[in-house]
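Dear colleague,

I am passing a structure on to you with this email, together with an account of what was found in it. Please look through the sequence and the model first, and then read on below.

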Amino acid sequence: MAMSPEYGAFISKFVLKPPASSPSLPLAGLTFAVKDIFDVEGHVTGFGNPDWARTHAPASSTAPAVLNVLKAGATCVGKTVMDEMAYSINGENKHYGTPRNPCAPDRVPGGSSSGSAVAVGAMLADFSLGSDTGGSVRVPASYCGILGFRPSHNAISTVGVIPMAQAFDTVGWFAREPSILKQVGRVLLELPEADPNRPSQIIIPRDCFQLLDIPSERLTQAFVRSVEKLFGGDIIKHTVLGDYVRDNVPALSSFLFQINEDQVDNIPSLAALSSAMRLLQRYEFKNNHKDWVSAVKPDLGPGISERVREALQTTEENIDICQSVKKELHSALTSLLGDFGILAIPTVPGPPPKLQTDASSLEVFRAKAFSLLSIAGVSGFCQVSIPMGLHDNLPISISLLAKHGADGFLLDLVETLYESLKEQAAVAEKSV
């Protein structure tokens, strides 16, 4: 596959062939790119920052996730640009340049797995590996108009992947086609062959769709039509997720008092969930990287440097409560969805923001994004972001969540729904 340098997706190009070549291997003939957070033997893992790359030796072994897709027949074509220390959902990098969003060149590609998403969106690779802690696969998938999968927490080994915050770190992946998304998932998750299960219910939380910056019907109508066509309308349920979370996650009360309930476009319990997630993320980031940051004093870009500084000042206060929030949300959402229930939400509040938007303008968007992203992040559930065409010529998406461990079910469902969603999204696009 020809490489196109103008997208700036790659930090280094090289070819790693599969150890065995056979057309019967599940990923035979496919190419993939790897986020520069994964170890590849003989290459320095750069973590998005030149000072990190300068102060670390080449990896002595390759991350199991990378090895598994190589063994399944895929060919690696290089490592991709990422946000520094995986600490952003924008996708901008002041050192290596910002990979160009193939759907919207004047917009951010989304981070921190920016280069991995762009490599797939620009057709420079068939699929790619990223990591998702707070949203680092789901966000760039949405912004670049491709599929992105965050698996159940701890379902795939993160050995050989630089930790950001272990309570949330996952190995995720991108693809343009649902068949490839599923094949990669089967390899990474080591899933046995099984017949697809029909969803028992599909829950659409009205309050989550009210966080959108675009008309919510643009997503919900196309989605509902697809579900009705394939499964019938009786499995669709509507709810107010914020109320359910407030009533079933009592540990959140410690964070709710910090939330401004009168703020427009705010779901207090999900904003509190986001606060708990980001606190635990800062605390674990500090434990992982404080010594290196203090010793090296790396040159970090705008936004990242402030977040790292804040993380390094985090104390143990309320950390035990964050762990309780995780357990309670996991239990509450398991009860809500059951074995084959689906929660449908917007991946992010709307289309990708413009490049170099100042931080204060982005703050409301970021806050709403993390309210949505924290649902799977804190519960540990699996989530897939599915492109839903364009709105005002900008990519938009919807996300489906399933219970922890239901990754195979969710991958099957994406494959079943995808063509219908694409058709309905195209109809909705024309009718705007």
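Glu193 is exposed, with a relative accessible area of 72%, where exposed stands for over 50% relative accessible area, buried for under 20%, and partly exposed for what lies in between (1.4 Å probe, protein chains only). Its salt-bridge partner is Arg186, and the closest N and O atoms of the two are 3.6 Å apart; a salt bridge here is a side-chain nitrogen of Lys or Arg within 4 Å of a carboxyl oxygen of Asp or Glu. Arg186, in contrast to Glu193, is buried, because its relative accessible area is 14%.

Before going further, please note that this is a predicted model, in which local features need pLDDT of at least 70 and side-chain atom pairs count only at pLDDT 80 or more, while totals for chains, interfaces and linings use all residues. Residues are numbered from 1 along each chain as its sequence is written, and side-chain values use heavy atoms, with hydrogens and water left out.

The count of salt bridges comes to 18. Side chains of opposite charge can pair when their charged atoms come close. One of these bridges joins Lys229 and Glu423, with the closest N and O atoms 3.4 Å apart. This pair links distant parts of the chain, since Lys229 belongs to helix 7 (residues 217-231) and Glu423 to helix 14 (residues 407-431), 194 residues apart; helices (H or I, at least four residues) and strands (E, at least two) are DSSP runs, numbered from the N terminus. Lys229 counts as exposed at 53% relative accessibility, whereas Glu423, at 44%, counts as partly exposed.

Another salt bridge is formed by Lys403 with Asp339, whose closest N and O atoms are 2.7 Å apart. Lys403 lies in the loop between strand 11 (394-402) and helix 14, and Asp339 in the loop between helix 12 (319-337) and strand 9 (341-346), so the pair ties together parts that are 64 residues apart in sequence. Lys403 is partly exposed, with a relative accessible area of 21%, and Asp339 is partly exposed as well, with 46%. In addition, Asp132, Arg138 and Arg150 are linked in a network of salt bridges.

Two members of that network, Arg138 and Arg150, are among the residues that Thr133 touches, and the others include Met164, Phe168 and Gln281, not counting residues up to four places away in sequence; contact means heavy atoms within 4.5 Å. Thr133 is found in the loop between strand 4 (127-132) and helix 4 (138-144), and it is buried, with a relative accessible area of 5%. Its side chain and that of Asp169 are joined by a polar contact of 2.6 Å, a term for a pair of N or O atoms within 3.5 Å, of which, within protein, one must be able to donate a hydrogen and the other to accept it, and for which residues adjacent in sequence count only if both atoms are side-chain atoms.

As for the whole protein, its secondary structure comes to 14 helices and eleven strands, and buried residues make up 60% of the 432 residues. The C-alpha atoms fill a box of roughly 55 × 50 × 40 Å, taken along the principal axes. The mean pLDDT is 96, and 97% of the residues reach 70 or more, pLDDT being the predictor's confidence in each residue, from 0 to 100.

With best regards
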